[in-house]
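Hi,

Here is the structure I promised to pass on. Have a look first, and my notes follow below.

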Amino acid sequence: QVQLVESGGGSVQAGGSLTLSCAASGNAYLRNCIGWFRQAPGQEREEVATLKTGGGGPSLADSVKGRFTISLDNTWSTLYLQMNGLKPEDTAMHYCAARRVWVAEDCYAGRAPDFSYWGQGTQVTVSA
């Protein structure tokens with residue numbers, strides 16, 4: 001099994017920055033694809049950024065490219081999302097998620113229903 005625990009959410013003004021963290025534990029074989037998703041009220045859960053452990057570049061949603069950075073520490077146990085230039089439309093519950101993939105393309109497709117493991121979420125609120 002895999003456990004994911006997010007932290008670092010909060011409230012900021014537009015243009016501000018936040019860093020989210022996700023502590024990952026459990027079977028590393030089952031979490032070789034890990035990433036961030038978000039869901040605003042009344043909207044579907046959407047990919048923010050994903051990456052595959054062991055190499056390969058990250059995948060980021062067009063809406064956050066140039067503003068957000070996803071990274072994983074060397075032990076593959078903590079995932080980060082550095083968020084700069086925050087906008088009110090970034091307001092959402094942010095979730096860490098993980099899954100097992102056999103080809104990198106499945107990871108970068110970023111389809112939320114395909115992810116097996118989820119954290120409890122951390123709220124990000126950006127005011128104008």
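Let me start with a question: is Arg-99 buried or exposed? Arg-99 is buried, at a relative accessible area of 12%; buried here means under 20% relative accessible area, exposed means over 50%, and partly exposed is in between (1.4 Å probe, protein chains only).

Before the rest, some ground rules. This is a predicted model, where local features need pLDDT of at least 70 and side-chain atom pairs count only at pLDDT 80 or more, while totals for chains, interfaces and linings use all residues. Residues are numbered from 1 along each chain as its sequence is written, and side-chain values use heavy atoms, with hydrogens and water left out.

**Salt bridges**

I'm calling something a salt bridge when a side-chain nitrogen of Lys or Arg is within 4 Å of a carboxyl oxygen of Asp or Glu. Side chains of opposite charge can pair when their charged atoms come close. The structure has 6 such bridges.

Arg-99 is in one of them, with Asp-114, at 3.9 Å from N to O. Arg-99 sits in strand 9 and Asp-114 in the loop between helix 1 (104-108) and strand 10 (117-118), so the pair ties together parts that are 15 residues apart in sequence. (Helices, H or I with at least four residues, and strands, E with at least two, are DSSP runs numbered from the N terminus.) Asp-114 is partly exposed, with a relative accessible area of 29%.

Arg-67 and Asp-90 make another salt bridge, 2.8 Å from N to O. Their pair links distant parts of the chain, 23 residues apart: Arg-67 is in the loop between strand 6 (59-60) and strand 7, and Asp-90 in the loop between strand 8 (78-83) and strand 9 (92-99). Both ends are covered: Arg-67 is buried at 12% relative accessible area, and Asp-90 is buried at 1%. These two also belong to a salt-bridge network with Arg-38 and Glu-46.

Out on the surface, Lys-65 pairs with Asp-62, with 3.1 Å between the closest N and O atoms; Asp-62 is exposed, with a relative accessible area of 64%.

**Strand 9 and its partners**

Strand 9 is mostly covered, with 7 of its 8 residues buried. Two strands count as paired if DSSP finds at least two bridges between them. Strand 9 runs antiparallel to strand 4 (33-39), and 7 bridges join the two; here Phe-37 has Tyr-95 as its bridge partner. Strand 9 also runs antiparallel to strand 11 (residues 122-127), through 3 bridges, with Met-93 partnered by Gln-123. With strand 10 the pairing is again antiparallel, over 2 bridges, and Ala-97 stands opposite Trp-118.

Asn-32, in the loop between strand 3 and strand 4, is worth a click. Asn-32 is buried, at 7% relative accessibility, and a polar atom of its side chain lies 2.8 Å from the backbone nitrogen of Val-101. Outside the residues up to four places away in sequence, Asn-32 touches Leu-51, Lys-52, Thr-53, Arg-99, Arg-100 and Val-101, where contact means heavy atoms within 4.5 Å.

**The open sheet**

There is also an open, antiparallel sheet of 4 strands, in the order 1-3-8-7. Its edges are strand 1 (2-7) and strand 7 (68-72), each pairing on one side only. Strand 1 and strand 3 are joined by 6 bridges, and Val-2 stands opposite Gly-26 in strand 3.

**Cores**

A nonpolar core here is a set of buried Ala, Val, Leu, Ile, Met, Phe, Trp, Tyr and Cys residues joined through side-chain atoms within 4.5 Å. The largest has 25 residues, of which Leu-4, Ile-34, Trp-36, Leu-79, Leu-81 and Met-83 touch the most other members. Strand 3 gives the most to this core, with 4 residues. Leu-79 has contacts beyond its neighbours within four places, including Leu-20, Ile-34, Trp-36, Ile-70 and Cys-96. Another core lies apart from the largest, with 7 residues, among them Ala-97, Val-101, Ala-112 and Phe-115.

**One loop contact**

Gly-16 lies in the loop between strand 2 (10-13) and strand 3 (18-26). The C-alpha atoms of Gly-16 and Gly-85 are 5.6 Å apart, although 69 residues separate the two along the chain.

Cheers

Conventions: Polar contact = N/O pair within 3.5 Å; in protein donor to acceptor, adjacent residues only side chain to side chain.
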